[in-house]
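Biologist: I'd like to go through this one with you and hear the reasoning behind each label. Can you put it up?

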Amino acid sequence: MLASGELMATELGARYLQSQGIEASWWDARTGLIAAPRAAASARANFLSATCEFVPEPALQRRLAACHGVVVTQGFIASDAAGDTVLLGRGGSDTSAAYFAAKLGARQLEI
């Protein structure tokens, strides 16, 4: 339920850009941010304050490069190994941006 706002807002945002003649692609962040298992964390913590790996991923770089125009995606959410939606906790949108920057090998991230 908590992820629904991110998903709906970004869908609306991508469609708005398209309606204004801006080429935009909606992309589900949960396909690129996969939570890392933490054995010492409670089940609740694994769902509400998940963490992800942040090593560069050439496959993710290729997938996003294949998207057309501006890529509109979400912050705050990821998925776990089972494919369930998890949250990145307080400040999760900034955390998502940092994860994506690291995974994409960005030279710079501005928040």
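Modeller: What follows is a set of questions about the labels, each with its answer.

Modeller: This is a predicted model, in which local features need pLDDT of at least 70 and side-chain atom pairs count only at pLDDT 80 or more, while totals for chains, interfaces and linings use all residues. Residues are numbered from 1 along each chain as its sequence is written, and side-chain values use heavy atoms, with hydrogens and water left out.

Biologist: What makes residues 4–19 a helix, and how does the reach of α1 compare with the expected one?

Modeller: Helices here are DSSP runs of H or I with at least four residues, strands are runs of E with at least two, and both are numbered from the N terminus. α1 has 16 residues. The expected span is 1.5 Å times one less than the number of residues; for α1 that gives 22 Å, and the reach from first C-alpha to last is 22 Å.

Biologist: And how do you know that α4 agrees with its expected span?

Modeller: Its 13 residues should span 18 Å, and the end C-alpha atoms are 18 Å apart, so the two agree.

Biologist: Which residues of α1 are called buried?

Modeller: Leu-7, Thr-10 and Ala-14. Buried means under 20% relative accessible area, exposed over 50%, and partly exposed in between, with a 1.4 Å probe and protein chains only.

Biologist: Why do you put those three on the same side of α1?

Modeller: They cover an arc of only 75° around the axis, so they sit on the same side. The arc is taken over the directions from the helix axis to the C-beta atoms. It's a familiar pattern: an α-helix has 3.6 residues a turn, so residues three or four places apart point the same way. The face of α1 turned away from the buried side carries exposed residues, including Met-8, Arg-15 and Tyr-16.

Biologist: What do the buried residues of α1 pack against?

Modeller: β1 (24–26), β2 (70–72) and β3 (77–79). Contact means heavy atoms within 4.5 Å.

Biologist: Why is Gly-13 called partly exposed?

Modeller: Gly-13 is in α1, and its relative accessibility is 26%, so it falls between the two cut-offs and counts as partly exposed.

Biologist: Why is Ser-79 called buried, then?

Modeller: Ser-79 is in strand β3. At 6% relative accessibility, it counts as buried. Leaving out residues up to four places away in sequence, Ser-79 touches Arg-30, Leu-33 and Asp-84, among others.

Biologist: And why is Ala-40 called exposed?

Modeller: Ala-40 lies in the loop between β1 and α2. Its relative accessible area is 86%, so Ala-40 is exposed.

Biologist: What makes a set of residues a nonpolar core?

Modeller: They have to be buried Ala, Val, Leu, Ile, Met, Phe, Trp, Tyr or Cys residues joined through side-chain atoms within 4.5 Å. The largest such core has 14 residues, and those with the most contacts inside it include Trp-27, Leu-88 and Phe-100. The elements giving two or more residues to this core are α3 (58–65) and α4 (92–104).

Biologist: Why is the contact between Trp-27 and Phe-100 called edge-to-face?

Modeller: Rings of Phe, Tyr and Trp (its six-membered ring) pair if their centres lie within 6.5 Å; planes under 30 degrees apart count as stacked, over 60 as edge-to-face, and the rest as tilted. Trp-27 and Phe-100 are 5.9 Å centre to centre with 65° between the planes, so they pair, and edge-to-face is the label. Trp-27 is in the loop between β1 and α2 (43–48) and Phe-100 in α4, so the pair ties together parts that are 73 residues apart in sequence. Both residues are buried, and the structure holds one aromatic pair.

Biologist: How do you know that Cys-52 is not bonded to Cys-67?

Modeller: A disulfide is a pair of cysteine sulfur atoms within 2.5 Å. The sulfur of Cys-52 is 18 Å from the closest cysteine sulfur, in Cys-67, so that's too far for a bond. A search of the whole structure finds zero disulfides. Cys-52 is also buried, because its relative accessibility is 5%.

Biologist: What stands out about the phi of Phe-76?

Modeller: Phe-76, in the loop between β2 and β3, has a positive phi of about 80° although it is not a glycine. Most residues other than glycine have a negative phi.
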